[in-house]
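Me: I should like to understand the terms used for this structure. Please explain how each one is justified.

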Amino acid sequence: MRDLRSIGAIALILALRRQLMTDGTYWLNLPAQSPDRRENPFPFLALVEHTNYLPPEHFGGDRIVYLGDYVAPDHEYFTMSEDEIADLFLPSLTKVNPNFSPDWVRKRWLFRAPYAQPVPLVNQSQRIPSIQTPIDGLYWASMSQVYPWDRGTNYAVEIGRRAAAMMLETRS
Ligand SMILES: Cc1cc2nc3c(=O)[nH]c(=O)nc-3n(C[C@H](O)[C@H](O)[C@H](O)COP(=O)(O)OP(=O)(O)OC[C@H]3O[C@@H](n4cnc5c(N)ncnc54)[C@H](O)[C@@H]3O)c2cc1C
């Protein structure tokens, strides 16, 4: 387990009063040249305007925008306050819409997960922990055991079923 590597994720979700990307862009991938996000033109990796995909009627008229990033679990984004993150992230939105102003934000939510994306290393196939642990009765099914694909909810269901089958087999 100690050999496994992973990175974390952060998502600042905004409910805006107005549309941000007026050309209808849904998902914009952004350049991250430096691990110190403050040096980048955008301090996050992904700008997603969900309501350019699914209309705002489904969200009480709000425009839903997701500012996401993947960073190391010890990155400052995990210790900064929500206000500090918002103060850092929001000014860059004028680069995609010069009219953007923070008073467009009706509400916001910050989500952070230090374990969000396993990072497979060379010979990953030989490092995958077994679902059955050395502790009797303890099973472990996680993103780190999904291989050779990237983690996803479909694989989570599949691995959960495998773990449940193992438990039933041991009981019988
Ligand atoms: C930013 C991001 C974007 C993603 N996008 C996609 C996508 O577009 N499509 C896709 O298919 N997959 C996506 N994934 C991957 C997908 O979310 C995961 O693969 C999946 O959720 C893993 O399921 P899980 O049940 O193993 O873990 P989780 O969904 O993390 O569930 C683990 C649960 O255990 C709870 N828990 C933890 N510790 C304890 C404890 N001690 N006691 C009680 N409860 C505890 C947690 O609160 C959590 O609810 C994304 C993941 C991230 C982070």
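Reply: Two strands are said to pair if DSSP finds at least two bridges between them. In this predicted model, W27 has V48 of β3 as its bridge partner.

Me: How do you know that β2 and β3 count as paired strands?

Reply: The requirement is at least two bridges. β2 and β3 share three bridges, in the antiparallel sense, so they count as a pair.

Me: What makes β2 and β5 edge strands?

Reply: The open sheet has five strands in the order β2-β3-β4-β1-β5, with antiparallel pairing. β2 (27-29) and β5 each pair on one side only, and are therefore its edge strands. Neighbouring strands of this sheet are turned by 15 degrees against each other on average, direction ignored.

Me: Why are five residues of the shell around the ligand called nonpolar?

Reply: Ala and Met count as nonpolar. The shell includes A9, A113, A116, M143 and A156, so these are counted as nonpolar. The shell also has four polar residues and one charged residue. R151 belongs to the shell, and because Arg counts as charged, R151 is the charged one.

Me: Which parts of the chain supply the shell around the ligand?

Reply: β5 (105-118) and α2 each supply at least two residues, and α2 gives the most, with three. Domain 1 (6-118) and domain 2 (124-171) each contribute at least three, while their C-alpha centres lie 32 Å apart.

Me: What is the predictor's confidence in the chain?

Reply: On a scale from 0 to 100, the mean pLDDT is 94, and 99% of the residues reach 70 or more.

Notes. Residues are numbered from 1 along each chain as its sequence is written. This is a predicted model: local features need pLDDT of at least 70, side-chain atom pairs count only at pLDDT 80 or more; totals for chains, interfaces and linings use all residues. A residue is near a molecule or strand if its C-beta atom, placed from the backbone, lies within 6 Å of it. Helices (H or I, at least four residues) and strands (E, at least two) are DSSP runs, numbered from the N terminus. Domain bounds come from an automatic or database domain assignment. Axes are lines fitted to C-alpha atoms, for helices over the stretch in contact, and angles run from 0 to 180 degrees between N-to-C directions.
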